[in-house]
Amino acid sequence: MAASAAALALVAGACGTGAGAGADDLAKLNVVTTVSPLTSIVAGVAGDLAEVRGLIPEGADSHTFEPPPSAARALARADVVFVNGLKLEDPTKDLAKGNLRKGAEVVELGGRTITPQQYLYDFSFPRAEGKPNPHLWTNPPYARQYARVVRDVLARRDPAHAGGYIANYEAFGATVDELDRAMAAASATVPRRQLLTYHDAYAYFAEHYGWTVIGAVQVSSFEEPTPREVAALIRQVREVGVPAIFGSEVFPSKVLAQIGTEAGVRYVDTLRDDDLPGRPGEPDHSWLGLMKFDFVTMVESLGGDATALKSVRAAPAGPDQAVYPQ
Ligand SMILES: [Zn+2]
């Protein structure tokens, strides 16, 4: 009862702001998101028209993240909560649903981007366990669709600023398209488009650009593979003949380093799936910066030419003002 009374007071306060200096800020939509790539995509569409706050700290394992009590308070103030879905951040989604104030909503971007028939299941996300691979944002056209959903939801919730959301989306979408064309061009220069990664974050990327994910060392239980599995991976890397294998900056892997040494290939341990490069406010601290970093790293480590990718520039708005917990 106390919570709903507080929510009513908040609503009454928001209604009472009226017009005048400062009212615009007070009336801004309060938007909460989860992992940082989503926060960046949402912030790109929101611009300075809405307050955007991510909940999952960068560098945390988003797959096992349990939201702290402070997250409940942020969620209780939100007008809209954007989550990825596909079971990536269920504890946060459940907490949101339990704490939403009247009229607020939770929007699952993944579920509004692809159908269950398009879900991919693989090494770390086997179908038997019922959790699809949730990393849709590593595929640029899917990231664009995320932004389109965000545009529609924000414009519906805040029609006075619909024109701004639409313009921000158009600018973001143009950048995504440029990145997509550049990655297609760069992909074509890679002799063997085969990925062995630690964290299995590139399934939808691989499907889109015609790459093959030959394995992911991190098994579905998020434990280390068995010696037999390691031996099989070493054999596979030798057979495929790739010059490099990839680890994640968030999940250091001795096993992958060992596979690299024994197969005689380079172990590149800097890929990221939801930890943006740089610090908040820096130019590369964005979804685009993340994708460019990963794509350039993959292409160059596998002997391709990443020139096209390096020339992709962010939309002119610059770094966003969203809150990214560290
Ligand atoms: Zn991940």
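Let me start at Gly98, which sits in helix H5 of this predicted model. With 11 C-beta neighbours inside 10 Å, Gly98 counts as exposed, because the cut-off for that class is 12 or fewer. Its C-alpha lies 9.1 Å from the C-alpha of Leu75, and the two residues are 23 positions apart in the sequence.

Helix H5 also leads us to the sheet, since that helix is part of a connection between two strands: the chain leaves S3, passes through H5 and arrives at S4, and this β-α-β crossover is right-handed. Strands S3 and S4 run parallel and are joined by four bridges, and if you would like one pair to look at on the screen, take Val81, whose bridge partner in S4 is Val106.

How are the strands of this sheet ordered? The sheet is open, has four strands with parallel pairing, and reads S2-S1-S3-S4. At its edges we find strand S2, residues 50-54, and strand S4, residues 105-108, each of which pairs on one side only. Averaged over the sheet, and with direction ignored, neighbouring strands are turned by 20 degrees against each other. On the S2 side, strand S1, which covers residues 29-33, pairs with S2 in the parallel sense over five bridges, and here Thr33 is the residue that stands opposite Gly54.

Packed on this sheet is helix H6, residues 140-157, which touches S1, S2, S3 and S4. The direction of H6 makes about 175 degrees with that of strand S3, which spans residues 80-83.

I would now like to go back to the loop between S3 and H5, where Leu86 is found and where Lys87 lies as well. As a reminder, most residues other than glycine have a negative phi. Leu86, however, has a positive phi of about 50 degrees although it is not a glycine, and Lys87, also a residue other than glycine, has a positive phi near 70 degrees. Are these two residues buried or exposed? Leu86 is buried, because 23 other C-beta atoms lie within 10 Å and the class begins at 20. Lys87 has 15 other C-beta atoms within 10 Å, so it falls in between and counts as partly exposed.

Let me turn to a pair of helices, H7, residues 162-187, and H11, residues 287-301, whose axes come within 11 Å and cross at roughly 5 degrees. H7 is therefore roughly parallel to H11, given that angles under 35 degrees are classed in this way. Which residues make the contact? From H7 they are Thr175, Leu179, Met183 and Ala186, and from H11 they are Leu288, Met291, Phe295 and Val299. Sorted by class, the contact of H7 with H11 has seven nonpolar residues, one polar residue and no charged ones.

Finally, a few words on the chain as a whole. Its secondary structure comes to 12 helices and eight strands. Of the 326 residues in the chain, 44% are buried. If we take the contacts in the chain with a separation of 6 or more, 64% of them are accounted for by residues 24 or more positions apart.

Key:
Residues numbered from 1 in each chain as written. Predicted model: local features only at pLDDT ≥ 70, side-chain atom pairs only at ≥ 80, totals over all residues. Pairing = 2+ DSSP bridges. Axes fitted to C-alpha atoms, helices over the stretch in contact; angles between N-to-C directions. Contact = placed C-beta atoms within 7 Å. Parallel < 35°, antiparallel > 145°, perpendicular 65-115°, else oblique. Nonpolar A, V, L, I, M, F, W, Y, C, P; charged D, E, K, R; others polar. Right-handed = clockwise from strand over helix to strand, strands pointing away.
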